[in-house]
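Q: Could you take a close look at one residue here and tell me how it sits among its neighbours, then step back to the whole chain?

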Amino acid sequence: MLLPLPDSLRPLADLVYNLRWTWNQKTRQLFRDLDPALWEASGRNPVLLLRRIERWRLDEAAHDEEFLARLRDALHDLYQYLSSPAWFQREHPESARLRVGYFAAEFGITECIPLYSGGLGILSGDHLKSASDLGVPLTGVGLLYRHGYFTQRISPEGLQVERYPVTEFENLPLTGEFGADGRRLSVTLDFPGRQVQAEVWRADVGRVRLLLLDTRIEENRTEDQVITGALYAGDRETRLQQELVLGIGGLRALAALGLKPDVCHMNEGHAAFLVVERIRQLVREEGIPFAEARRIARAGNVFTTHTPVPAGFDVFEPDLVRRYLGPYAEELGVSWPEFLALGGSDGQAPFSMVALALNNAGSCNAVSALHAQVSRDLFRGFHPAQQEAAERLTSVANGIHTRTWISPGMKTLLKRHLGERWLDDPRDAAAWEGVERIPDGELWSVQRERRIKLVRWVRRRLAQQLERRGSDPGEQSWAREVLDPEALTIGWARRFATYKRATLLFRDPERLHRLLFDPQRPVQLVVSGKAHPHDEGGKELVRAIAVLSADPAFRSRVVLLSNYDIAVARMLVRGVDLWLNTPRRPLEASGTSGMKVAPNGGLNLSILDGWWAEVYTPEVGWALGGSGPAQDPEAQDEAESRALYELLEREVVPLFHQRGPDGVPSAWMARVKASIKRLCPIYNTDRMVTEYAERFYLTTARAAGAGDLVADAQPRQAAAS
């Protein structure tokens with residue numbers, strides 16, 4: 001519950017508990033104006049804001065007619081959004097009762113709800129947002145982690161230090177989910193020798209509901225309360241337990257709410273145990289024999305793979321799987337070898353979650369054209385049963401939720417020159433055509449403004465970072481002077497996995513120093529990212545960059561920001577001039593971070609991997625590397641590092657600093673406009689979700705025998721507190 005609000009401010013609760021505010025600027029501004037400092041200190045969490053705010057500020061706002069008018073306007077806008085027919089209702093009215101369950105291990109919607117680690121979670125969150133905007137009848141299903149993903153501190157020696165702070169769910173914009181009987185909803189799973197219960201929480205993401213399961217309740221044993229303790233943490237058995245709760249518990253939660261899905265979309269293999277539960281429901285509840293039940297269930301499943309290497313797939317030893325799922329085989333009426341075969345195991349090989357998903361999904365896709373090619377080759381040799389799945393694997397290119405990631409300044413500029421069609425429907429290429437008519441000076445002015453904001457923000461955050469690790473005030477003073485607001489600003493931010501090669505631009509420190517400190521053409525780097533707690537190679541990359549960025553010879557032009565999250569990503573993609581992406585091809589399945597800079601006027605310099613391999617042309621950015629992997633990774637790294645220096649020195653940096661009499665880099669602006677015009681209509685989640693809806697959800701539902709669906713009730717508007 002929120003603190004008691006003055007009568008005139010009670011409608012704030014409806015705005016707080018619908019996460020549409022994460023992509024609605026007028027609502028966020030309303031929260032911010034109550035107390036700007038507290039808004040930032042609370043991690044942009046409106047629940048904490050309204051619990052901690054001074055009473056006099058609320059009383060002041062309650063009598064501020066201008067504020068109350070804005071509150072009424074924001075509330076009207078939300079209700080109109082929730083009640084108005086959207087794309088899906090207009091284009092597919094015959095399928096209005098379609099129910100899609102979208103399962104993922106992580107969801108990145110806002111920084112104050114720490115249920116994500118990186119790109120997969122951000123994509124899941126953006127998927128829900130676009131499903132809401134488009135009116136796709138989808139419900140998200142995930143886990144509510146008590147410790148989220150770890151927070152990162154970097155020691156004076158450059159070592160990554162992980163911490164797992166406790167998240168108080170009551171302080172988040174979430175509500176408890178209740179069943180038809182009015183009681184708090186929980187689901188029960190049979191584990192070896194006991195039952196485990198998972199309580200269901202709810203987040204409203206615009207029109208879309210997100211269900212989140214939590215095992216930290218008194219009814220569970222102590223060891224079971226930690227199942228949903230932290231994302232991607234614990235041993236193999238804990239991971240197995242998490243995935244059972246997600247897939248089986250999640251499907252049961254949907255059924256308990258009367259939302260039994262016609263289509264289940266598994267976003268990566270973590271939720272693949274839902275396959276077993278769907279078959280069990282058909283066998284037990286409808287008396288359908290196993291083989292036929294499997295065929296029906298398979299027709300209603302969609303699987304999206306995001307991983308191009310076998311090491312990225314979860315596998316479990318057959319004996320461990322039998323401890324938890326042996327009773328399932330008995331209930332399904334199949335032998336244990338038959339059950340193991342669902343996951344591509346012959347009793348000796350591990351039980352594979354990706355095999356379980358692939359072999360039991362009517363539709364399978366990768367997330368870029370190159371990733372589909374890589375995945376087909378991988379799956380052909382991974383398990384014999386996956387030959388057929390490999391051949392029918394297609395691709396749906398990832399995207400970003402444009403309304404979330406675009407900066408207010410850029411949004412204002414584009415609305416002034418293009419109108420609002422691009423914002424209402426970013427899929428419409430014609431809506432972006434007018435970008436070329438924007439005066440270079442106006443576009444450059446916005447670019448400079450967002451870079452200046454980034455520099456100021458980095459200085460504040462770096463000073464806070466040094467303070468938290470115990471640096472004395474004298475040492476902190478230099479942090480307030482780092483970076484040059486007029487320098488070409490390059491961003492590199494993502495997970496510190498070794499294949500992403502964070503140090504490719506750091507292999508020749510002398511050459512790097514010359515590049516950064518050219519007095520006529522200054523350059524600077526802002527780097528951020530986390531290494532997995534068990535990835536020692538990734539941690540060494542963090543340490544190497546931390547040491548260099550602390551060196552007085554570099555620290556004014558190279559900044560390493562700790563604790564990469566949505567807040568850091570938002571500032572970087574909105575403020576940098578150039579986004580650098582350096583994976584070892586073909587190990588980047590898609591890569592969405594570079595997509596986020598495009599609507600903000602940033603350019604990409606990337607290895608020809610993932611999405612960049614299918615869209616790159618010289619007028620929209622720069623490409624690095626060839627069309628295939630080198631035989632010797634070290635030789636490949638050395639060659640591509642040299643090529644990166646040469647590309648920056650000969651093309652990128654000169655182009656940025658080549659100014660006309662008006663001080664505007666017109667040639668650079670031409671590339672910016674081409675990038676916006678070409679990339680933005682394609683690499684957005686509205687286009688992506690439309691593809692999933694029309695190519696997969698509707699066709700899959702029909703194949704599963706749910707093609708006669710008709711109108712359904714609208715989801716609730718917002719949660720009250």
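A: Leaving aside residues up to four places away in sequence, leucine 340 touches Pro318, Ser345, Gly347 and Phe351. Keep in mind that this is a predicted model. One of those partners, proline 318, sits 22 residues away from leucine 340 in sequence, yet the two C-alpha atoms are 7.4 Å apart in space. As for where the leucine belongs, helix α14 covers residues 336-342, and leucine 340 is part of it. Is leucine 340 buried or exposed? Its relative accessibility is 3%, and because the cut-off for buried is under 20%, leucine 340 counts as buried.

Now for the whole protein. Buried residues make up 62% of the 721 in the chain. Helix α14 belongs to a fold with 30 helices and 20 strands. If you take contacts between residues at least 6 apart in sequence, 74% of them link residues at least 24 apart.

On overall dimensions, a compact globule of 721 residues would have a radius of gyration near 27 Å, and the protein comes in at 25 Å, so the two agree. Along the principal axes, the C-alpha atoms fill a box of roughly 80 × 70 × 55 Å.

And the outside? The accessible surface adds up to about 26,900 Å², with carbon and sulfur atoms accounting for 49% of that. On the charge side, there are 89 positive and 94 negative charges, and their mean positions lie 2 Å apart.

Terms used:
Residues are numbered from 1 along each chain as its sequence is written. This is a predicted model: local features need pLDDT of at least 70, side-chain atom pairs count only at pLDDT 80 or more; totals for chains, interfaces and linings use all residues. Side-chain values use heavy atoms; hydrogens and water are left out. Helices (H or I, at least four residues) and strands (E, at least two) are DSSP runs, numbered from the N terminus. The radius of gyration is taken over C-alpha atoms; the globule rule is 2.2 Å times the number of residues to the power 0.38. Buried means under 20% relative accessible area, exposed over 50%, partly exposed in between (1.4 Å probe, protein chains only). Contact means heavy atoms within 4.5 Å. Accessible areas come from the Shrake-Rupley method with a 1.4 Å probe; for residues, only the protein chains shown count as cover. Lys and Arg count as positive and Asp and Glu as negative; His and the chain ends are not counted. The place of a charge is taken as NZ of Lys, CZ of Arg, CG of Asp or CD of Glu.
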